[in-house]
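Student: I would like to work through how the helices of this chain are arranged. Could we begin with the term we will need for the way helices cross?

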Amino acid sequence: MSDSSHAPEAPRPPGRPQVAPRFPGGPQPDPAGSHHERRIRSFQPRRSRVTTSQGDALRRLWPKWGLDIDGLRTLDLAELFAAEDGKPSELPVVLEIGFGMGEATAQMAGDDPDTGILAVDVHTPGQGNLLGLAERNGLSNVRVANGDAIILLREMLPPASLDGLRVYFPDPWPKARHHKRRLIQPEFLTLAAPSLKPGAILHCATDWEEYAEQMLEVLTEHPEFENTQADGGYAPRPDFRPLTRFEGQGLDKGHVVHDLLFRKVAAERDRGTVAAERD
């Protein structure tokens with residue numbers, strides 16, 4: 001019998017080809033690579049045309065305000081949002097998943113400079129546009145993350161590090177066979193809950209009626225969240241969420257936009273502290 005330890009090593013199957021970044025020093029095409037298991041994704045990367053100004057913003061500002069979601073480290077949010085002089089930030093941080101072209105995100109950041117916004121998307125033009133808006137408007141409280149928000153929540157965010165989570169107009173995946181791709185599912189809520197501080201607000205908005213009904217159902221049934229509305233229904237659009245161009249187009253077509261505001265339930269030992277803070 002031959003000794004397999006001396007047998008020549010079989011050639012390894014080739015891995016996925018490495019894709020060169022379009023913007024050296026900017027967002028990577030596949031930041032997590034093969035570090036994490038494959039799964040059904042709730043998003044589709046969109047690599048549409050990047051304008052000259054967006055590309056310039058990606059090249060110059062990504063090293064300063066950008067973050068690739070590689071799943072290989074735990075983030076220090078105080079360090080991520082540190083001031084120009086390197087002083088750690090004390091800003092509360094809200095995670096926004098999916099920001100499109102970033103206009104609403106920039107407006108919210110400008111209206112509330114005392115809150116840090118960690119904005120995640122895979123749309124390269126939108127990443128560049130938001131970075132450009134942040135620079136032009138002097139918004140030092142915005143950070144742009146590139147990649148899969150699931151990996152960010154599961155691998156990179158410390159427990160109880162977020163003061164809020166925003167998911168505005170996620171892909172509704174309207175075909176029944178694609179509903180499993182929708183982001184707001186019980187599994188996602190269970191994954192997100194540990195990163196949220198007790199009392200943190202999860203704010204969802206959609207103009208897709210059937211998806212809104214699903215969101216309300218799964219949020220209401222999840223033990224780690226409670227509806228902020230006494231009647232257990234949808235919330236009025238809060239003043240801090242801007243009316244976006246996309247939303248305006250939907251309203252013009254007769255779409256109804258639903259906001260859902262749910263609070264992260266405190267652990268039993270923390271409820272007294274949270275109640276005292278509210279008082």
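Tutor: A crossing counts as right-handed if the near helix is turned clockwise from the far one by less than a right angle, and as left-handed if the near helix is turned anticlockwise. With that in hand we can turn to the model, which is a predicted one.

Student: What is the handedness of the crossing of α3 and α4?

Tutor: Helix α3 covers residues 103–111 and helix α4 covers residues 124–136, and the two pack at an angle of about 25° with their axes 9 Å apart. Because angles under 35 degrees count as roughly parallel, α3 is roughly parallel to α4. By the definition of a clockwise turn given above, the crossing of these helices, α3 and α4, is right-handed.

Student: Which residues make that contact of α3 with α4, and how many of them are charged?

Tutor: From α3 the contact draws on E103, T105 and A106, while α4 contributes N129, L130 and L133. Sorted by class, the contact of α3 with α4 has three nonpolar and two polar residues, and the number of charged residues is one.

Student: How are α1 and α4 oriented to each other?

Tutor: Helix α1, residues 52–65, packs with α4 at an angle of about 70°, and their axes lie 8 Å apart. Since angles of 65 to 115 degrees fall in a single class, the relation of α1 and α4 is therefore roughly perpendicular.

Student: How many nonpolar residues are in the contact of α1 with α4?

Tutor: On the α1 side the contact is made by Q54, A57, L58, R60, L61, W62 and W65, and on the α4 side by T124, P125, Q127, G128, N129, L131, G132, A134 and E135. By class, six residues of this contact are polar and two are charged, and the nonpolar residues number eight.

Student: Is α5 mostly covered or mostly exposed, and which elements do its buried residues pack against?

Tutor: Helix α5, residues 149–156, is mostly covered, with six of its eight residues buried. Those buried residues are A149, I150, I151, L152, L153 and M156. They pack against the strands β1 (66–68), β2 (93–97), β3 (116–121) and β5 (162–168), and against the helix α6 (186–192).

Student: Which residue has a side-chain oxygen that reaches the backbone nitrogen of I150?

Tutor: I150 is one of the buried residues of α5. At the start of this helix, its backbone nitrogen has a side-chain oxygen within 2.9 Å, and that oxygen belongs to D148.

Key. Residues are numbered from 1 along each chain as its sequence is written. This is a predicted model: local features need pLDDT of at least 70, side-chain atom pairs count only at pLDDT 80 or more; totals for chains, interfaces and linings use all residues. Side-chain values use heavy atoms; hydrogens and water are left out. Buried means under 20% relative accessible area, exposed over 50%, partly exposed in between (1.4 Å probe, protein chains only). Helices (H or I, at least four residues) and strands (E, at least two) are DSSP runs, numbered from the N terminus. Contact means heavy atoms within 4.5 Å. A polar contact is a pair of N or O atoms within 3.5 Å; within protein, one must be able to donate a hydrogen and the other to accept it, and residues adjacent in sequence count only if both atoms are side-chain atoms. Axes are lines fitted to C-alpha atoms, for helices over the stretch in contact, and angles run from 0 to 180 degrees between N-to-C directions. Angles under 35 degrees count as roughly parallel, over 145 as roughly antiparallel, 65 to 115 as roughly perpendicular and the rest as oblique. Ala, Val, Leu, Ile, Met, Phe, Trp, Tyr, Cys and Pro count as nonpolar, Asp, Glu, Lys and Arg as charged, and the others, Gly among them, as polar.
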